[in-house]
Amino acid sequence: MIGPRPGAGEQPHDHSPAQARVEEWFAARGWEPFAYQREVWDAYSSGESGLIHVDTGMGKTLSAAGGPVIRVLDTQRETSGHPGVRLLWITPLRALARDTVLSLRDFLEGVALEWRVELRTGDVSSSVKTRQRRSPPEVLVTTPESRSLLLSYPEKQGIFGGLDTVVVDEWHELLGGKRGTQTELGLSHLRSLRPDLRTWGLSATLGNLDHAREVLLGPGATGRLVCGPSGGDVVVETLVPETLIRFPWSGHLGLRLLPRVLEELERGGTSLLFTNTRAQAELWHQALIEARPAWSEEVALHHGSISTQARAAAEEGLSTGTLRCVVCTSSLDLGVDFQPVDRVLQVGSPKGVGRLLQRAGRSGHRPGAERRVVCVPTHALELLEFAAARAAVSERQVEPREAPDGPLDVLAQHVVTLALAGGVSAEVAYQEARSTWSYRNLSREAWGWVLDFVVRGGPALQAYPRYRRLVMEEDDRLVPAGAAVTRSHRQAVGTIADEGTLSVRFLKGRRL
């Protein structure tokens with residue numbers, strides 16, 4: 001997250017007093033801002049929004065946070081009391097959110113800006129969330145789902161009425177799915193509350209930057225595209241089985257290569273072993289411990305279905321370098337600054353060049369460091385897939401990610417979310433949706449279908465009262481059909497499909 005010391009021929013910079021304070025903070029750590037970071041700060045001071053595309057570990061967080069901080073310090077717009085959130089930081093993963101909170105707190109403390117930085121995800125207690133609605137922090141780090149929940153409360157004007165900046169971290173991860181569409185709709189509504197809102201996206205692995213910027217900022221909006229220097233070299237290696245004839249063609253978990261993986265882990269240091277499913281992560285975690293019982297305290301597990309405490313313990317072990325290996329899923333894909341990680345192993349296909357680069361970037365997470373990933377095929381055809389991925393990485397070819405075009409299910413959920421916060425005009429909601437890239441071509445006919453669905457349940461579900469979410473009042477205003485709708489909707493906001501879970505306990509109260 002740093003730049004090199006200035007080299008020969010670099011021109012001196014004229015800074016405002018606030019930027020000088022920020023640069024002094026860099027210098028105290030032996031750092032020098034990259035040129036692209038200064039470009040972002042200058043663009044922000046000019047009122048611009050944009051997209052920052054830089055390799056992993058090259059300081060994107062400080063590039064996006066620096067602009068708002070410099071502006072506040074320069075204009076002396078320190079807060080008195082609790083005027084609401086000033087900087088909203090949206091991240092795809094809870095682990096990344098926690099790491100971002102720590103980074104931002106360190107930065108703000110270093111430049112003597114007394115802003116509260118707080119986390120709001122599913123891991124945060126309900127009492128903290130209630131307090132945040134009454135007394136919002138100046139900087140709120142959250143997920144798309146938790147941000148949508150905040151928009152469903154009548155207090156949203158007090159929370160976001162003074163909002164200056166939204167930063168969408170790891171935009172490439174959100175862009176290609178419905179969570180990105182949910183983010184688009186939320187940004188559109190925030191811009192209606194704050195027309196001068198600045199929006200910046202952060203990305204590391206994208207092949208279609210102009211499209212990504214347009215989706216982030218909205219069709220027709222102008223914005224800066226800032227590209228920074230590339231990080232260190234990416235080395236992609238593949239573990240090849242000794243006997244290809246007996247290597248399976250499909251349907252296996254890669255455990256045939258367990259001895260080779262153990263050899264990699266025995267080299268010392270800290271490793272991340274990525275799998276593609278939670279079940280596969282559990283099986284690999286168990287296999288490693290059974291093969292090396294002495295490692296039982298050095299091998300941890302990390303995925304979305306284990307407890308918050310277990311995930312936090314694994315992240316702490318990575319940060320301090322006390323673990324030999326963490327077996328994980330995409331829960332540790334993004335942005336988390338675990339500098340002690342020495343190597344990354346990928347079990348099975350990463351399902352894309354961008355994702356392989358993202359995971360490789362978990363190692364050598366600093367400028368100029370080599371990023372190394374060892375690929376572990378689970379069947380013979382993946383040997384070809386890894387070879388193709390290695391060729392693409394060497395040529396810096398990353399597949400494009402296209403945003404979904406007008407998914408009506410996400411729009412219907414968003415309309416209900418807005419209606420819970422004291423009601424919403426149907427026409428205002430329509431115009432807000434049309435200001436996003438995904439719904440730029442939303443027709444009146446399709447909008448009518450959405451309204452019919454949330455008011456009556458549509459032609460298929462109109463016979464079932466529980467699908468009547470909203471009521472259309474005479475003034476074209478949509479309001480909840482009842483308190484039960486409000487409760488149930490807030491428990492189901494989001495686009496991530498999930499199954500219900502049960503807590504299993506012994507009769508004496510201990511959890512299983």
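Me: Where is V504 placed in the chain?
Reply: V504 sits in the segment after α20 (483-490). Helices (H or I, at least four residues) and strands (E, at least two) are DSSP runs, numbered from the N terminus. The model is predicted: local features need pLDDT of at least 70, side-chain atom pairs count only at pLDDT 80 or more, and totals for chains, interfaces and linings use all residues. Residues are numbered from 1 along each chain as its sequence is written, and side-chain values use heavy atoms, with hydrogens and water left out.

Me: Is V504 buried or exposed, or partly exposed?
Reply: Buried means under 20% relative accessible area, exposed over 50%, partly exposed in between (1.4 Å probe, protein chains only). V504 has a relative accessible area of 44%, so V504 is partly exposed.

Me: Which residues make a nonpolar surface patch with V504?
Reply: Patches are made of residues with over 30% relative accessible area and no salt bridge (like charges joined within 9 Å, nonpolar side chains within 5 Å). Here L502, V504, F506 and L512 make a patch of about 510 Å².

Me: How many salt bridges are there?
Reply: A salt bridge is a side-chain nitrogen of Lys or Arg within 4 Å of a carboxyl oxygen of Asp or Glu. The count comes to 26 salt bridges. One of them joins R311 and D123, whose closest N and O atoms are 2.8 Å apart. R311 belongs to helix α13 (residues 308-320) and D123 to the loop between β3 (117-120) and α5 (126-134), so this pair ties together parts 188 residues apart in sequence. R311 counts as buried, at 4% relative accessibility, while D123 is partly exposed, at 22%.

Me: What links K178 and D409?
Reply: K178 and D409 form a salt bridge, with their closest N and O atoms 2.7 Å apart. K178 is in helix α9 (residues 178-193) and D409 in helix α16 (residues 408-420), 231 residues apart. K178 is partly exposed, with a relative accessible area of 35%, and D409 is partly exposed as well, with 45%.

Me: How many aromatic pairs are there?
Reply: Rings of Phe, Tyr and Trp (its six-membered ring) pair if their centres lie within 6.5 Å; planes under 30 degrees apart count as stacked, over 60 as edge-to-face and the rest as tilted. The count comes to 9 aromatic pairs. Among them, F26 and W31 have ring centres 6.0 Å apart and planes at 75°, so the pair is edge-to-face. F26 is buried, with a relative accessible area of 0%.

Me: Which residues form one aromatic cluster with F26?
Reply: The cluster consists of W25, F26, W31, W41 and F107.

Conventions
Accessible areas come from the Shrake-Rupley method with a 1.4 Å probe; for residues, only the protein chains shown count as cover.
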